[in-house]
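Welcome! Take a moment to look at the sequence and turn the structure around before reading on. The notes below will walk you through it topic by topic.

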Amino acid sequence: MSASSKSAVEAVVQPPPVEKPPFAVFFQFEDIMVNGRKAAFEALKKVFSKAKKEVTPVLFARYCQTLTPAAYLPQLAEALHTASSEKMLDDFNDSFAAALAAAPTDSGFVKLLEAAHAKHFAVVAFTGLPETLAASIGSRLGLDELGVKIVPFQNGDKVFPGPTTLLKMARTVELRPRCCLVVTAAMGVCKAALSADMQCVVVPDEFTDHQDFSGSNMLLEGLSELAPDKLFSAVFPAQSK
């Protein structure tokens, strides 16, 4: 084969360049797709009941909404005048995983992810769970088919997730912060998104509906309240069609 013929063949078989996603959707894995806070609350009640201690909604709201389980379990245990241990964390992770696996998914959020996937948006879920555990649960929830990338929390933020975590995710998908939408049910995540100069849509749950979400793009009672295309068009005007 001549050099010119070989070059022609190589030009034909070369894959097309990979296009950068136009926008991104970020969400906390153990938050909005399933009611992760309720699952965590039930798992904590189960774990601490073995020590004959009661986890109340007030204690849960005070200690368990902005940190990873590994960080908040010792504080919660101290507040309940009992000792924490690695076994307690393992027991929590097991109970939490079982609760998440059994929890129904939010159909409105699933439709949002499907629409984002169809538009070739980058979709990233950040998590405070162990990576293998999150990947296993994500697979059962069908996140693989929706092109969702699961990113475990590493470090860099005082609380999880903070602006540093979100900005790292934006750099990972090579997008400016304003091209990234954070969907959450929690005030801490909302404030982190706003501090990172990102868009934010909030859907509070029973543990967070009293919180301050000022500054968010939208505050919805449920994601079924607004069609995904209308939501994207409102958040990314004239660019997400």
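Which backbone nitrogen does a side-chain oxygen of Asp106 reach at the start of α6? The nitrogen belongs to Gly108, and the oxygen comes to within 2.9 Å of it. Keep in mind that this is a predicted model. Here is a tour, from the whole chain down to single residues.

**The whole chain**
- The chain is built with 10 helices and 6 strands.
- It has 241 residues, and 47% of them count as buried.
- Among contacts with a separation of 6 or more, 66% are between residues 24 or more positions apart.
- The accessible surface of the chain is about 12300 Å², and carbon and sulfur atoms make up 54% of that surface.

**Helix α6**
- With 12 residues, α6 reaches 16 Å from its first C-alpha to its last, which is close to the 16 Å expected at 1.5 Å a residue.
- Its buried residues are Gly108, Phe109, Val110, Leu112, Leu113, Ala115 and Ala116.
- Gly108 may look familiar: its backbone nitrogen is the partner of the Asp106 oxygen.
- The buried residues of α6 pack against four strands, β1, β2, β3 and β4, and against helix α10.
- After α6 comes His120, which has a positive phi near 65 degrees.

**Helix α10**
- Find residues 228-235, which form α10; Pro228, Leu231, Phe232 and Val235 are buried there.
- Looking down the axis of α10, you would see its buried residues within an arc of 95 degrees, so they line one face of the helix.
- These buried residues pack against α6 as well as the strands β1, β4, β5 and β6.
- Phe232 also takes part in a cluster, where ring pairs link it with Phe23, Phe121 and Phe236.

**Helix α7**
- In α7 (residues 131-140), the buried residues are Leu133, Ala134, Ile137 and Gly138.
- They cover an arc of only 130 degrees around the axis, which puts them on the same side of α7.
- Turn to the other side of α7 and you will find Glu131, Thr132 and Arg140 exposed.
- The packing partners of the buried residues of α7 are α5, β2 and β3.
- Just after α7 sits Gly142, with a positive phi of about 85 degrees.

**Aromatic pairs and helix α5**
- How many aromatic pairs does the structure hold? There are 10.
- One of them joins Tyr72 and Phe92: the ring centres are 6.3 Å apart and the planes meet at 75 degrees, so the pair is edge-to-face. The cut-off behind that label is an angle over 60 degrees.
- Tyr72 lies in helix α4 (residues 69-79) and Phe92 in helix α5 (residues 86-102), so the pair ties together parts that are 20 residues apart in sequence.
- Are these two residues buried or exposed? Tyr72 is buried, with a relative accessible area of 4%, and Phe92 is buried too, at 0%.
- Asn93 is also placed in α5, and Asn93 is buried with a relative accessible area of 12%.
- Setting aside neighbours within four places in sequence, Asn93 is in contact with Leu129, Pro130 and Leu133.
- You have met Leu133 already, as one of the buried residues of α7.

Key:
Residues are numbered from 1 along each chain as its sequence is written. This is a predicted model: local features need pLDDT of at least 70, side-chain atom pairs count only at pLDDT 80 or more; totals for chains, interfaces and linings use all residues. Side-chain values use heavy atoms; hydrogens and water are left out. Helices (H or I, at least four residues) and strands (E, at least two) are DSSP runs, numbered from the N terminus. Buried means under 20% relative accessible area, exposed over 50%, partly exposed in between (1.4 Å probe, protein chains only). Contact means heavy atoms within 4.5 Å. Accessible areas come from the Shrake-Rupley method with a 1.4 Å probe; for residues, only the protein chains shown count as cover. The arc is that of the directions from the helix axis to the C-beta atoms. Rings of Phe, Tyr and Trp (its six-membered ring) pair if their centres lie within 6.5 Å; planes under 30 degrees apart count as stacked, over 60 as edge-to-face and the rest as tilted. The expected span of a helix is 1.5 Å times one less than its number of residues. A polar contact is a pair of N or O atoms within 3.5 Å; within protein, one must be able to donate a hydrogen and the other to accept it, and residues adjacent in sequence count only if both atoms are side-chain atoms.
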